[in-house]
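This report describes the strands of one sheet and the way in which they are joined. Please consult the sequence and the structure shown below while reading.

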Amino acid sequence: MSDTMDTYALLGADGQPYRSSAKGKWGGHRGSKIYGRLDCPAALRAIACGGYVKHRVFFADEATAVAAGFRPCCACCKDRYQRWKTAREEGRP
């Protein structure tokens, strides 16, 4: 039995990485500042084509992704994306 515990690199609400004993529940792309589900078809396609991985980040929860300045993915979070887009068009945060 190993004395070391697996840890995962997550991004905090301040946008800074930290180590966690729990896996992230949401993924994101640092460059585009988009977050989504870990099984997002668009992200999985990008990963399969050799892209995305070096810019991928993980979040403990959705609230942390939003607090870090990321927006919802339009492919896997359509309802959240539409609310975000409407709020932005109306000048709301």
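Which residues of strand β3 (residues 26-29) point one way, and which point the other way? The model is a predicted one. In it, W26 and G28 are directed to one side of β3, whereas G27 and H29 are directed to the other. All of these residues are buried. In a regular strand, side chains alternate between the two faces of the sheet.

Strand β3 pairs with β4 (residues 34-37) and also with β5 (residues 56-59), as the table sets out.

| Strands | Sense | Bridges |
|---|---|---|
| β3 and β4 | antiparallel | 4 bridges |
| β3 and β5 | antiparallel | 4 bridges |

Individual residues illustrate these pairings. G28 has Y35 of β4 as its bridge partner, and the partner of G27 in β4 is G36. Towards β5, H29 stands opposite R56.

The connection between β3 and β4 also deserves attention. These two strands form a hairpin, with 4 residues between them. In the turn, K33 has a positive phi of about 55 degrees.

What is the order of the strands in the sheet? The 4 strands are arranged as β5-β3-β4-β6 in an open sheet, and the pairing is mixed. Strands β5 and β6 (71-72) stand at the edges and each has a single partner strand, so one side of each is left without a neighbour in the sheet. In general, strands of a sheet pair through backbone hydrogen bonds, either parallel or antiparallel.

Conventions
Residues numbered from 1 in each chain as written. Predicted model: local features only at pLDDT ≥ 70, side-chain atom pairs only at ≥ 80, totals over all residues. Heavy atoms only, no water. Buried < 20%, exposed > 50% of the residue type's maximum accessible area, 1.4 Å probe, protein only. Pairing = 2+ DSSP bridges.
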